[in-house]
Structures are given as structure tokens and as C-alpha cells.
Amino acid sequence: PESVQVRVTSLRATACVIQMLDKQNRNNFAELVPSFLQVLSACLSQEDDDKSQAVVEELIGIAESCGQFFRAHIAALLEAMFTTAKSKQIDDSVRQLAMEFL
């Protein structure tokens with residue numbers, strides 16, 4: 001399996017591409033959202049606050065620039081962010097970003 005660092009870097013690059021594409025082409029990337037959540041989960045399970053924060057920041061960036069991108073996966077995203085925000089084991093900065101996403 002790839003390292004978490006490689007997965008986070010890939011997610012960041014993909015997020016940049018998603019934000020630059022028009023709506024029609026952007027929708028081709030929507031199937032990656034569950035993978036984005038897996039990357040976040042991996043970062044959180046490794047207690048890597050910096051990488052977790054980077055992932056949530058990228059998701060916020062996508063939501064701000066093209067919120068409808070997440071439509072098909074909104075339930076899973078909301079559950080992941082709610083779980084992150086309420087967990088006292090996760091760094092406050094990451095929890096705050098999860099709340100911002102919500």
C-alpha cells in the first residue's frame with residue numbers, strides 16, 4: 001500500500017485539478033470522494049494532525065469552489081466530518097476544520 005504521505009499529496013493534486021475544471025469534466029472525479037475519505041481516515045488513525053488538517057483543508061476548498069461536486073457522497077462526508085469534529089482524541093485544529101466543513 002502507498003504511504004499516507006503519497007496519498008495526501010495525490011489528494012491535494014487532485015483537489016487542485018477538480019477546482020480548475022468545468023462542471024462537466026469535474027463530475028468525472030466524483031467517484032474519488034470515498035477515496036478522499038479513506039485518506040482522511042488513514043491520517044486520523046495514524047494521529048497525524050498535519051496531514052489530517054491538509055486533507056480537510058482540501059475538502060473545504062473543493063466545497064467552497066464547487067460545492068455540488070460532493071452531492072452524491074454528502075451523507076458519507078457529513079458523517080466523517082461530524083465524527084471528526086466530535087472526537088476528543090483528535091487535535092482541536094482538525095476538529096475545528098471539520099466543523100468549518102459542516
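These legends accompany several close-up views of a predicted model.

**View 1. The largest nonpolar core and its best-connected members.** This view gathers the largest nonpolar core, a set of 28 residues. Within this core, V55, L59, I62, F69 and F70 touch the most other members. Five elements give two or more residues each: α1 (4-20), α3 (33-45), α4 (49-66), α5 (74-86) and α6 (92-101). As a general background for such a picture, nonpolar side chains in soluble globular proteins tend to be buried together.

**View 2. The surroundings of V55.** Here we zoom in on V55, one of the core residues that touch the most other members. Which residues are in contact with V55, leaving aside its neighbours within four places in sequence? They are V8, L11, F36, V39, L40 and C43.

**View 3. Helix α5 against helix α6.** Two packed helices are described by the angle between their axes and the distance between the axes. For α5 and α6, the axes come within 8 Å and cross at roughly 145 degrees, and the crossing is left-handed. On the α5 side, the contact is made by L77, M81, T84, A85 and K86. Their partners on α6 are V94, R95, A98, M99 and F101. Sorted by class, this contact has seven nonpolar residues, one polar residue and two charged residues.

**View 4. R95 and the stretch it touches.** R95 sits in helix α6 and is one of the residues through which α6 contacts α5. Setting aside neighbours within four places in sequence, R95 is in contact with T84, A85, K86, S87, K88 and I90. Look for the R95 side chain here: it reaches the backbone oxygen of A85 at 2.9 Å. For a sense of scale, the C-alpha atoms of R95 and L11 are separated by 20 Å, with these positions 84 residues apart along the chain counted as their spacing.

**View 5. S52, a buried serine in helix α4.** S52 belongs to helix α4. Is this serine buried or exposed? S52 is buried, because its relative accessible area is 1%, under the 20% cut-off. A polar atom of the S52 side chain lies 3.5 Å from the backbone nitrogen of L44. Not counting residues up to four places away in sequence, S52 touches L40, C43, L44 and V94. L40 and C43 are also in contact with V55, which gives a handy link back to the second view.

**View 6. E47 and D48 in the loop between α3 and α4.** Both E47 and D48 are found in the loop between α3 and α4. E47 has a phi near 55 degrees, a positive value in a residue other than glycine. E47 counts as exposed because its relative accessibility is 66%, and exposed means over 50%. D48, by contrast, counts as buried at 19% relative accessibility, with the cut-off for buried set at under 20%. The side chain of D48 makes a polar contact with the side chain of K51, at 2.8 Å.

**View 7. D49 in helix α4 and its partners.** D49 lies in helix α4 and is partly exposed, with a relative accessible area of 29%. Which residues does D49 touch, not counting those up to four places away in sequence? The answer is D91 and V94. V94 is touched by S52 as well, and V94 is among the α6 residues in the contact with α5. D49 and S93 are 44 residues apart in sequence, and their C-alpha atoms are 8.2 Å apart in space.

**View 8. E100 in helix α6 and A80 in helix α5.** E100 is a residue of helix α6. Beyond residues up to four places away in sequence, E100 touches I60 and E64. The C-alpha atoms of E100 and S87, 13 residues apart along the chain, are separated by 15 Å. A80 lies in helix α5 and is partly exposed, at a relative accessible area of 22%. Between A80 and S45, which are 35 residues apart along the chain, the C-alpha separation is 13 Å.

Methods:
Residues are numbered from 1 along each chain as its sequence is written. This is a predicted model: local features need pLDDT of at least 70, side-chain atom pairs count only at pLDDT 80 or more; totals for chains, interfaces and linings use all residues. Side-chain values use heavy atoms; hydrogens and water are left out. A nonpolar core is a set of buried Ala, Val, Leu, Ile, Met, Phe, Trp, Tyr and Cys residues joined through side-chain atoms within 4.5 Å. Buried means under 20% relative accessible area, exposed over 50%, partly exposed in between (1.4 Å probe, protein chains only). Helices (H or I, at least four residues) and strands (E, at least two) are DSSP runs, numbered from the N terminus. Contact means heavy atoms within 4.5 Å. Axes are lines fitted to C-alpha atoms, for helices over the stretch in contact, and angles run from 0 to 180 degrees between N-to-C directions. A crossing is left-handed if the near helix is turned anticlockwise from the far one by less than a right angle, and right-handed if clockwise. Ala, Val, Leu, Ile, Met, Phe, Trp, Tyr, Cys and Pro count as nonpolar, Asp, Glu, Lys and Arg as charged, and the others, Gly among them, as polar. A polar contact is a pair of N or O atoms within 3.5 Å; within protein, one must be able to donate a hydrogen and the other to accept it, and residues adjacent in sequence count only if both atoms are side-chain atoms.
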